Structure formats: C-alpha cells, structure tokens
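Work through the exercises below with the sequence and the model side by side. Each one sets a task and then solves it step by step.

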Amino acid sequence: MIRSKLWIFAGVASALALAVLALLRPSAAEAHPLGNFTINRYSRVDLYSDAVRIHYVLDMAEIPAFQELPQIDTDGDGDLSLSENDAYLAAKSKEIAANVRLEIAGSPQTLSVLSSTVGYPEGQGGLRTLRLTLVLDAPLSGSDAELKYHDDNYADRVGWKEVVVRPADGVELKGSSAPANDVSAELTSYPVDLISSPLDVTSASVSFSSSAGAKAPPVDQTNEASAATPKEAPARAGGAFASLISTRNATGPIIVLSLLLALAFGALHALEPGHGKTFVAAYFVGVRGTVRQALGLGLVVAVTHTIGVLIIGLVTLFGSRYLLPERLYPWLTVASGLMVLALGVRLIAARAGGLAARRRFASLLRRGDWKFKHVHEHDHAHLPHDSAPPWKSLVALGLADGLTPSPSALVVLLAAISLHRIGLGLLLIVSFSVGLAAVLTVVSLTLVYARRLLDWASRSRGLFGHLGQIGPVGNGTAVAVLVRLAPIGGAFGLVAVGLLLTIRALSQTGLPIF
C-alpha cells in the first residue's frame with residue numbers, strides 16, 4: 001500500500017512540475033517564430049477630404065524572397081535590371097491591389113496605383129529580402145463616411161500583419177477599430193516583446209468626417225522610393241550563424257574558425273527554450289541509461305537535424321509550389337510530441353509491469369516456498385531489473401528532438417546554393433547540428449552519472465538488503481526514496497511533456513484543427 005501511494009505521488013508530482021515548467025517557458029513555436037519564412041504586410045489607411053489612400057508595404061524574409069527572385073530575374077543572370085524590376089512591379093502591383101478590399105459607405109471601391117517601388121535589403125547569410133511599397137488611392141466624395149478595409153494578400157502565409165488608420169489634419173475620426181500609430185515602423189523594426197506573438201490584424205472599420213480635412217498631396221515617386229527601402233532587413237534570430245556562409249576570403253584557418261563558431265552557435269541554440277532538454281532529461285531519469293547510449297542519442301540528434309535541414313531545403317527549392325516549407329514545421333512538431341508521448345506511455349507500462357512482478361515475487365517470499373518453486377517449478381516471473389533502454393527508444397527520442405530543424409540552418413543552406421559554396425554550407429550545418437546534439441548529450445551524461453552516484457550512495461549506507469530490494473522502501477533515507485521514485489517520476493514527466501508538445505503543436509498556425 002505504501003509503495004502504491006509513493007508510486008502515484010511521484011508520478012503526479014513530477015508530471016505537474018514538468019507541466020508548470022513547460023507552461024512557463026516559451027513553446028516551440030514561440031522559440032522559433034519562423035522569422036526567415038515570414039511574409040509580412042503593413043497597411044496605413046490615410047484619410048483625406050477628397051481621397052482615401054493606402055500606404056501598403058510587403059516585406060518578404062529571406063526564404064520567400066529566395067523563392068520569389070526567379071520570377072523577377074527572368075533572364076537568370078543573377079542581376080535584377082531596371083526593366084525586370086519594372087515588369088515585376090507592374091504585375092505585382094495589380095495583384096496586390098486586386099486583393100485589397102475597400103468599401104466606403106457600403107460601396108466597393110476600385111483602387112488605383114499611384115506609386116510602386118521595390119527594393120532588396122540584405123538579409124541573413126548574404127541572401128536578399130524583398131520589400132515592396134505601394135500607394136493605392138480611391139476618390140472620396142461627401143463629408144461623413146463609414147469605411148471598411150480588408151487585406152487578403154498572402155492569407156495563407158505566416159508573418160506580421162498590421163493595419164493603422166491615420167486621419168489628415170482637420171479630418172475628424174469618430175471611431176476606428178485600428179490604432180492611429182504603428183508599432184513596427186512600417187515593418188522596419190519589430191518589437192522584441194511581440195516577436196513571439198506577432199500582430200495578426202488585416203481589417204479595419206472606420207467612421208469619420210472629412211468636411212474640414214486637408215486634401216491629399218501629390219505623390220512624389222522619387223521620395224517614395226528613397227524612403228521606402230532600407231539598406232538592411234530587420235534583425236532576426238540566428239543572424240550570427242547565417243553570416244558565416246558569406247565570410248569573404250574563406251581560407252583554411254577562416255574555415256576552421258567558422259566551423260568552430262558554428263559548433264558554438266549550435267550549442268547556444270540548444271540552450272534556448274524549446275529544444276528537447278526537458279523530455280531528454282525526463283527520459284534518462286525514467287530509465288537506466290548508459291554512457292554509450294547517451295553518446296548514441298547525440299549522434300541521432302545530429303544526423304536527424306542535418307537531414308531535416310536538407311529535406312526542407314529540397315522542399316523550398318523544388319516543392320514549394322505544392323507544399324509551403326513553413327507548413328511542415330507544425331506537423332513535424334506534432335510528430336515529435338506524439339513520439340515523446342508514446343515513449344512516456346511505454347515507460348509507464350514497463351514500470352507498472354515491473355511493480356506487479358515484484359509484488360508477486362514478494363508474495364512468494366512471504367509464503368516461504370519461493371526456493372522450492374524457483375528450483376523445481378520455475379513458474380514465476382523473475383524480478384525485473386532496471387535495464388538500459390532499448391536502442392529503438394533512443395532512436396525515437398533522437399528523432400523527436402531533431403525533427404524540427406533551425407530556420408537559420410536552412411538560410412545557410414540556401415545562401416550556400418546562391419553563393420556556390422555548397423560544401424562549406426554543408427559543413428557549417430553539420431557543425432551546428434553537432435553543437436546542438438552535444439548539449440543534449442551532456443544533459444544525458446549528467447543524469448547517467450547522477451543516477452550512478454545515487455545508487456552508490458544507497459549501497460554504501462546499506463539501505464537495501466535482500467528483502468529491501470523487492471519490498472517497500474520502509475524506513476529508508478531520502479537517498480533511497482529518490483532512487484526508487486526518480487524513474488517513476490521521469491516516466492510520468494515524459495508523458496506530461498509529450499502531451500504539452502502535442503497540444504501546443506496542434507494549436508499552431510497552419511494546422512486546421514483548432
């Protein structure tokens with residue numbers, strides 16, 4: 001009875017503790033906002049006495065810009081000429097304007113394009129980003145009006161989506177569902193406190209009176225172009241690692257230093273929240289792992305992460321017409337969570353079976369006939385020992401952690417292709433993966449040796465006699481209790497983490513479930 005209560009208490013306590021820990025730290029989706037995948041949109045609705053103007057900004061991060069550039073560079077020479085830019089702007093402006101809906105007093109408006117500019121700020125790894133700016137216009141008649149605005153462009157893509165409404169001098173704003181001031185400085189500076197949960201505003205409803213308002217000024221295409229395109233893209237996570245691929249004068253010592261830095265960046269990446277340390281720790285607490293298996297786990301994580309980068313890179317290059325690469329991430333996270341959950345359930349089942357076998361064996365001892373049955377009949381289950389985890393489970397654990405590769409590693413791969421440095425790019429990705437796996441290996445080794453230290457402490461104090469190994473803990477010390485309950489707690493903790501990962505993954509953008 002005492003053992004059963006301890007078993008239940010350990011499981012519930014550890015599951016609750018790990019659940020609270022996982023809820024307090026950023027989720028996988030929050031830790032990886034997929035900045036390099038984003039297509040960001042900004043609309044500023046300017047209200048004048050004679051017109052409504054839409055200042056529209058489209059900002060493509062490195063990966064979608066990489067996919068878009070072949071549509072601009074029609075001759076494939078790598079240089080974007082003035083004629084190629086003009087042809088792209090003419091087609092893209094019409095496409096964007098057609099997907100912007102503006103209603104004034106319930107009447108749909110046709111928007112004309114007053115100006116259009118496109119630029120290519122430098123992003124991570126020497127890759128270009130794309131920034132397109134439009135000024136759209138609709139005439140306005142009458143003094144009092146109600147306006148509805150909605151942006152349907154790239155509705156299926158992740159990214160920052162912001163709408164602001166700004167009245168001109170003299171225009172009275174009676175009501176607006178959108179603010180008058182933006183928070184991203186027209187997609188040039190994203191607030192740090194909102195980057196993990198970006199704005200998702202694509203509509204605005206406005207009522208205003210423009211009778212005493214200023215008229216719309218003329219549009220200066222030159223000023224618009226000079227003010228519209230910054231030289232560099234907004235900073236995103238992983239930029240330091242991605243910059244290694246664009247290092248000039250890649251001599252032997254520089255390449256060695258770059259690989260060492262990539263190794264360090266991978267380790268730092270693993271130390272960030274949401275990179276498998278919690279469930280790896282829970283698993284190695286729940287089993288009696290060995291040094292060899294801890295090293296094997298690191299190898300599986302490194303290989304899986306590298307292969308994941310290559311697969312998503314192939315999807316980006318050849319399959320994005322059929323499957324957007326950022327749509328793979330939520331599904332990969334779901335698969336990771338389910339793997340962790342399955343491992344936890346399997347571990348609990350193994351512990352429960354071991355407890356039942358120990359009880360049967362203890363019952364035979366109490367009857368006093370255990371020796372006879374053992375020698376002659378041999379019909380009972382042997383006392384299960386805390387054996388090392390099977391390699392299949394370790395491979396599954398490594399897959400669960402390495403399934404979702406870092407977006408910055410994908411940027412390195414695409415930059416390597418663009419700069420014709422594929423060999424260096426692959427070496428950097430492998431080094432990054434090894435650094436990431438090294439942290440998880442250290443976590444695993446720490447728990448392996450901690451378990452051995454606790455076992456030694458228990459034996460050295462003589463806490464476990466022949467009967468004590470199979471019966472209740474009794475009056476054992478805290479060390480003995482910890483040794484007995486840690487594997488049970490680890491099993492329940494693994495289930496808790498698996499459930500949280502799965503639920504959070506299913507609630508991510510891109511999964512039509514919630």
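**Exercise 1.** Which residues does Lys-92 touch, not counting residues up to four places away in sequence?

Before solving, note that this is a predicted model, in which local features need pLDDT of at least 70 and side-chain atom pairs count only at pLDDT 80 or more, while totals for chains, interfaces and linings use all residues. Residues are numbered from 1 along each chain as its sequence is written, and side-chain values use heavy atoms, with hydrogens and water left out.

Step 1: locate Lys-92 in helix H4, residues 82-98 (helices, H or I, of at least four residues and strands, E, of at least two are DSSP runs, numbered from the N terminus). Step 2: apply the contact criterion, heavy atoms within 4.5 Å, which gives Glu-68, Leu-132 and Tyr-154 as the residues that Lys-92 touches outside the excluded stretch. Step 3: check the accessibility; Lys-92 has a relative accessible area of 6% and is therefore buried (under 20%; exposed is over 50%, partly exposed in between, with a 1.4 Å probe and protein chains only).

**Exercise 2.** Describe the largest nonpolar core and the surroundings of Leu-130.

Step 1: take a nonpolar core as a set of buried Ala, Val, Leu, Ile, Met, Phe, Trp, Tyr and Cys residues joined through side-chain atoms within 4.5 Å. Step 2: the largest such core has 43 residues, of which Leu-47, Val-52, Leu-130, Leu-147 and Tyr-149 touch the most other members. Strand E2, residues 51-60, gives the most to this core, with 6 residues. Step 3: a second, separate core has 42 residues, including Ile-312 and Leu-494. Step 4: leaving out residues up to four places away in sequence, the contacts of Leu-130 include Leu-58, Ile-72, Tyr-88 and Val-118.

**Exercise 3.** Establish the strand order of the five-stranded open sheet.

Step 1: count two strands as paired if DSSP finds at least two bridges between them. Step 2: the 5 strands then run E4-E3-E7-E10-E9, with antiparallel pairing. Step 3: strand E4 (107-108) and strand E9 (172-176) are at the edges, because each has a single partner strand, and one side of each is left without a neighbour in the sheet. Step 4: within the sheet, E3 (residues 100-104) and E7 (residues 144-151) pair over 5 bridges, and Ile-104 has Leu-147 as its bridge partner in E7.

**Exercise 4.** Place Val-334 in the fold.

Step 1: Val-334 belongs to helix H10, residues 325-367, and is buried at 8% relative accessible area. Step 2: Ala-505 is 171 residues away from Val-334 in sequence, yet their C-alpha atoms are 5.3 Å apart.
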